[in-house]
Amino acid sequence: MSTVRYLFMAALSLAIVGSLMVPAPARQDDDEAEMRELLARRSLEENCLICHTMDLIAGQRLTPAQWKAEVVKMIGWGSPLPKEAADPVTEFLARHYSDREPTPVPTLATLKDVDSYEVPKERNAPAEAGADLKRGEKLYATTCANCHGPKALGGDLGPALVHKAILDRPTDYNRILFEGLRRMPGNKQTLKPEDSVAILAWLRSLSYPVPLDPGGR
Amino acid sequence: MDEARDEAAGHVPAISRRAWIGIGLIGAAGAGLSGRSTAQGASGAAASDEEKLIVRSLRPLNLEATSTALDHRMTPANSLFVRSHFGAPAVELETWVVEIVGLVQHPLKLRLDELGRIETASKTAVIQCAGNGRGLFRPRVPGTPWERGAVGQAEWSGVRLADLLDRAGVQEGAEHVHFYGSDAPPSPKISAFVRSIPIDRARDPSTLLALRMNGEPLPTLHGGPARVVVPGWAGNNWTKWVRRIVVSREEAPSFYMQTAYRMPRTPVPPGAPAGAVAMLPVTWMNVKSLIASPVQGGSVASGPVEVRGVAWTGRGHVTKVEVRVDDGSWKEATLRDDPETGAWRRWGFRLESARPGRHVVVARATDSEGEVQPETPPWNKSGYLWNGYDTVAFEVK
């Protein structure tokens, strides 16, 4: 797909999403550059924050060649970044997180104030006692497996869920499940609270590492 | 999701489009990226609070200790750096069983209470991320830009790996021991974090499967309930959340063993073609000192200034720490703590009089193998094992 066509398609999708209010352009060149910037940023948000937070990216200061290598590596590792968005995203990264810029100043926080699912919290115990695992498994297969993979080890679009810290955070899990998050669709219309409980209970029952050739290699 | 997390995750709050283009940095507000000084300055700013950590990334969670937190013999769990590739797993989801399989006579499955009944061994040892100091290399390299604090020391206790291997009965031909964690990669296209160490190193009496840290159950963020402890070797070898141990003829075939965590056998200049020299796994740490006090960018009252810190190495132990103030000559610091392989030694140097104003103090260590901390270590493309002189600028009031 040509760049122009890519910009056009992406602009169209943005217009459909309707989340951006674009003021009247001062000059056409500026406008095109800004549109390119917006689209690259959108591509990055949708394709680069599935497995890790933005700080992992924004903390780096790299050359254009290093950014190009990172984007290629991440596509190989499963980022669904479309081919035609690779160059705009690479340019965006090289522009904003250039090796010629100083290292950013990170924040400081005490462990208990660090806002990460990984910091163990008192469990807000999932109501899994009476949950129907079989039903959870079935619902997962029909509603989630396409993106997160049949065994929740990750798939073409969704990250692995097995053993993830989010499974200990029923409130956050439910919010993502019902409201969605970036490319993860919300399920308000399709799933009931007991469905969500059943899926969570099934996810929590999965084993990892999965059995493999015990001889290793 | 609260606002801080949201911003760090790349959502820019609803300010005008012009404004965020002006900021020009995704996540600038949340990640505190708008300033222009370095993180060393950041740690100086919070010197009084040891519990604070430098937040490198929230997912996976990467936290760095401030230098003040390292001004002790033992680093408390809550101020030790945190590092993993795929995030700390929800460890309580399965009953913890460690299996030992592969080239063994009797494959074993041991629950934590069973591991707890095997004779306990303890070791005080430094843990340092292989990438500690990556952010100081020039030209810059990709990866978490740790500066000075991806290091700490604790008392680790648990089971000697040699005891586990003996129970399982290692077969002829075994050369390597692989460790599988409970942290799944986010995509099946990404290698699991599987690492191996040579069998001789696994059999060394100091090598442990640790279940406790500083006398407490090993916290999840530090690899609990069970992690490998390989004193003297960098943290890439200290696999966290261990559930499976595989005895094998070969090194682990994973990306994290064969591609990542390797350094050129002999230094190569930046930009040299890959494959020019053999790449060896990162194992032994190199000799290094850290100035814990004064803090970078901090100020001290006039009168004598107590310069303090810690120093460690891989093989052997630290025998000397030297300190240089401004343009003066190197002066020997006083070492505390008995020499012990794998552990750090605290050191101190009293600067009798320092004029009011800005001063720069530099430290370097020497070890029992005769290795001296260099001013700048050889560059390597992944930014491993930085051990350049430690430098702190401070002000005397």
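In chain A of this predicted model, helix H8 (residues 170–179) and helix H9 (residues 193–204) have axes that come within 11 Å of each other and cross at roughly 120 degrees. An angle between 115 and 145 degrees counts as oblique, and H8(A) and H9(A) are therefore oblique to each other. Their crossing is right-handed. On the H8(A) side, the residues that meet H9(A) are A:Pro170, A:Tyr173, A:Asn174, A:Leu177 and A:Phe178. On the H9(A) side, the partners are A:Pro193, A:Ser196, A:Ile199, A:Leu200 and A:Leu203. Sorted by class, this contact between H8(A) and H9(A) has eight nonpolar residues, two polar ones and no charged ones.

H9(A) also packs against helix H6 (residues 133–143) of chain A. Here the angle is about 95 degrees, and the axes of H6(A) and H9(A) lie 7 Å apart. Angles of 65 to 115 degrees count as roughly perpendicular, so H6(A) and H9(A) are described as roughly perpendicular to each other. H6(A) brings A:Leu133, A:Arg135, A:Gly136, A:Glu137, A:Leu139 and A:Tyr140 to this contact. From H9(A) come A:Asp195, A:Ala198, A:Ile199, A:Ala201, A:Trp202 and A:Leu203. The contact of H6(A) with H9(A) has eight nonpolar residues, one polar residue and three charged residues. A:Ile199 and A:Leu203 are among the H9(A) residues that meet H6(A), and A:Ile199 and A:Leu203 are also among those that meet H8(A).

Another helix pair in chain A is made of helix H4 (residues 64–76) and helix H5 (residues 83–96), which pack at an angle of about 135 degrees with their axes 9 Å apart. That angle makes H4(A) oblique to H5(A). H4(A) passes H5(A) in a right-handed crossing. The residues of H4(A) involved are A:Pro64, A:Trp67, A:Lys68, A:Val71 and A:Ile75. They meet A:Ala86, A:Val89, A:Thr90, A:Leu93 and A:Ala94 in H5(A). By class, the contact of H4(A) with H5(A) has eight nonpolar residues, one polar residue and one charged residue.

These helices belong to a chain with nine helices and one strand. Read from the N terminus, the order of elements in chain A is α-α-α-α-α-β-α-α-α-α. Of the 217 residues in chain A, 47% are buried. Among the contacts in chain A with a separation of 6 or more, 65% join residues that are 24 or more positions apart.

Chain B offers two single residues to look at. B:Arg227 is placed in strand S11 (residues 227–229) of chain B. Its relative accessible area is 5%. Buried means under 20%, so B:Arg227 counts as buried. Leaving aside neighbours within four places in sequence, B:Arg227 is in contact with a list of residues that includes B:Ile127, B:Trp156, B:Leu208, B:Leu218, B:His222, B:Trp238 and B:Val242. B:Lys240 is another of these contacts. B:Arg227 and B:Lys240 are 13 residues apart along the chain, while their C-alpha atoms are separated by 4.3 Å.

B:His317 lies in the loop between strand S17 (305–312) and strand S18 (318–325) of chain B. With a relative accessible area of 24%, B:His317 is partly exposed. Apart from neighbours within four places in sequence, B:His317 is in contact with B:Pro339, B:Glu340, B:Arg345, B:Asp367 and B:Ser368. The C-alpha atoms of B:His317 and B:Gln153 are separated by 14 Å, and the two residues are 164 residues apart along the chain.

The last topic is the confidence of the prediction. Chain A averages a pLDDT of 86, and 82% of its residues score at least 70. Over residues 1–23 of chain A the pLDDT stays under 50, and the model has 26 contacts beyond four places in sequence for this stretch. Residues 213–217 of chain A also have a pLDDT below 50, with 13 contacts in the model beyond near neighbours in sequence. For chain B the mean pLDDT is 88, and 87% of the residues reach 70 or more. In chain B the pLDDT stays under 50 over residues 1–49, for which the model has 99 contacts beyond four places in sequence. Where pLDDT is low, the predicted coordinates should not be read in detail. For the complex, the predictor gives an ipTM of 0.86 and a pTM of 0.89.

How values were computed: Residues are numbered from 1 along each chain as its sequence is written. Chains are lettered from A and ligands numbered from 1 in the order in which they are written. This is a predicted model: local features need pLDDT of at least 70, side-chain atom pairs count only at pLDDT 80 or more; totals for chains, interfaces and linings use all residues. Side-chain values use heavy atoms; hydrogens and water are left out. pLDDT is the predictor's confidence in each residue, from 0 to 100. Contact means heavy atoms within 4.5 Å. Axes are lines fitted to C-alpha atoms, for helices over the stretch in contact, and angles run from 0 to 180 degrees between N-to-C directions. Helices (H or I, at least four residues) and strands (E, at least two) are DSSP runs, numbered from the N terminus. Angles under 35 degrees count as roughly parallel, over 145 as roughly antiparallel, 65 to 115 as roughly perpendicular and the rest as oblique. A crossing is left-handed if the near helix is turned anticlockwise from the far one by less than a right angle, and right-handed if clockwise. Ala, Val, Leu, Ile, Met, Phe, Trp, Tyr, Cys and Pro count as nonpolar, Asp, Glu, Lys and Arg as charged, and the others, Gly among them, as polar. Buried means under 20% relative accessible area, exposed over 50%, partly exposed in between (1.4 Å probe, protein chains only).
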